[in-house]
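The following exercises concern the surface, the overall form and the salt bridges of one protein. Please study the sequence and the structure before reading each solution.

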Amino acid sequence: MLPTAVMEKAQAEFLDWQSLGRSVMEISHRSKEYIALAETAEQDLRELLCVPANYKVLFAQGGGRGQFSAVPMNLRERGDSADFLLTGSWSEGAIKEAGKFLKTNVVAGVVIQDGLSTVPHITPSQIDQKSAYVHYCSNETVDGIEINDIPDCGDVPLVVDMSSNILSQPIDVSKFAVIYAGAQKNIGPSGLSVVIVRDDLLDFAMPEIPTFLHYKTMAKHDSMYNTPPTYSWYLAGLVFKWLKEQGGVEAIAKKNAEKAALLYKCIDESGFYLNKVHADFRSKMNVTFHLPNTDLDAIFIAESEQAGLTALKGHRNVGGMRASIYNAMPIEGVLALTKFMRDFARRHK
Ligand SMILES: *Cc1c(COP(=O)(O)O)cnc(C)c1O
């Protein structure tokens with residue numbers, strides 16, 4: 001979900017933006033009004049994430065998967081292989097795509113300890129120091145695994161797919177070479193992606209790279225080499241403003257921790273629901289859980305939908321349930337879910 005306040009503002013100015021008598025969708029991306037919007041959005045994002053001056057912020061097209069291709073093509077000239085953490089289906093997708101452009105080495109993956117998923121800490125000795133880059137995904141939505149322990153890769157550039165937990169908590173941008181995120185979880189509508197790239201990495205693209213994916217070209221044209229997704233960028237800008245009004249990333253991180261803690265507590269105390277991720281790697285964005293037997297899954301889905309609680313079905317690869325509680329989900333939504341879950345458990349134990 002997107003913040004209701006943002007949707008209402010967009011609705012109110014849908015036909016007439018800034019008294020121009022037109023929608024923001026209908027004005028040129030080269031107009032001074034739109035350029036001001038674009039610059040403000042970038043500035044707000046920079047403030048929210050404390051992005052250092054030696055990083056470019058790009059508003060790109062093609063979502064998260066677009067960057068699965070763009071990253072290897074932009075860094076290919078640094079080396080002919082890259083190292084990867086394989087921790088779930090998103091990192092797997094990134095590896096598969098990168099494999100079209102360079103050799104891919106998986107250096108670590110999920111380790112099951114006492115039945116719970118964990119991810120090992122990465123040290124430079126595990127990394128091929130000739131690698132073009134190291135890639136990992138900081139939040140695997142399907143499995144509900146979040147990695148907050150940033151891999152230590154020595155001097156090899158670290159690339160992270162932060163699609164599903166960007167802006168959910170403070171991060172130290174300087175630890176990364178490239179941060180990318182499809183917009184549709186915590187930023188705005190799908191299709192847009194945000195790329196934060198350290199400026200010494202702009203000159204390593206393979207010559208065959210499609211121009212609109214080329215970070216250096218994108219940066220040179222302030223993300224307007226081709227017409228950007230103007231309406232998505234506008235909505236992202238409204239979300240950044242909303243986030244600042246909430247007190248910024250630190251304040252939303254507190255709320256996110258509180259929301260996730262409520263849900264995991266409900267699961268752990270139930271003697272009914274089961275989450276199989278180690279406490280250190282439990283996602284604060286996607287809480288996954290299983291019912292005692294799969295026959296109950298359909299009943300849980302039907303009853304929860306009747307209670308107005310939607311989109312709880314787990315990914316088809318893992319089954320069970322998944323509650324996605326991104327930034328815009330209010331705590332009331334989580335309280336309604338835990339109330340329903342307790343009641344459901346009581347009735348079906
Ligand atoms: C949602 C998500 C994506 C999605 O990519 P799209 O191309 O925008 O569909 C990629 N990576 C992660 C980690 C995600 O959570």
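The protein exposes about 15600 Å², of which carbon and sulfur atoms supply 52%; accessible areas come from the Shrake-Rupley method with a 1.4 Å probe, and for residues only the protein chains shown count as cover. The model is predicted: local features need pLDDT of at least 70, side-chain atom pairs count only at pLDDT 80 or more, and totals for chains, interfaces and linings use all residues. Residues are numbered from 1 along each chain as its sequence is written, and side-chain values use heavy atoms, with hydrogens and water left out.

**Exercise 1.** Determine how compact the protein is.

Solution.
Step 1. The protein has nine helices and 13 strands; these are DSSP runs, numbered from the N terminus, with helices (H or I) of at least four residues and strands (E) of at least two.
Step 2. The radius of gyration is 21 Å, and the globule rule gives 20 Å for 349 residues, so the protein is as compact as a globular protein of that length. The radius is taken over C-alpha atoms, and the rule is 2.2 Å times the number of residues to the power 0.38.
Step 3. Of the 349 residues, 54% are buried (buried means under 20% relative accessible area, exposed over 50%, partly exposed in between, with a 1.4 Å probe and protein chains only).

**Exercise 2.** Describe the salt bridge between aspartate 44 and lysine 244.

Solution.
Step 1. A salt bridge requires a side-chain nitrogen of Lys or Arg within 4 Å of a carboxyl oxygen of Asp or Glu. By this rule the count comes to 16 salt bridges.
Step 2. In this pair, the N to O distance is 2.7 Å.
Step 3. Aspartate 44 belongs to helix α2 and lysine 244 to helix α6 (residues 230-245), so the pair ties together parts that are 200 residues apart in sequence.
Step 4. Aspartate 44 is buried, at a relative accessible area of 4%, whereas lysine 244 is partly exposed at 33%.

**Exercise 3.** Which separation along the helix do arginine 346 and aspartate 343 have?

Solution.
Step 1. Their side chains meet in a salt bridge of 3.1 Å, N to O.
Step 2. Both residues lie in helix α9 (residues 331-348), three residues apart, which means a separation of about one helical turn.
Step 3. Arginine 346 is exposed, with a relative accessible area of 61%, while aspartate 343 is partly exposed at 28%.
Step 4. Elsewhere, salt bridges that share partners join Asp44, Glu47, Lys241 and Lys244 into one network.
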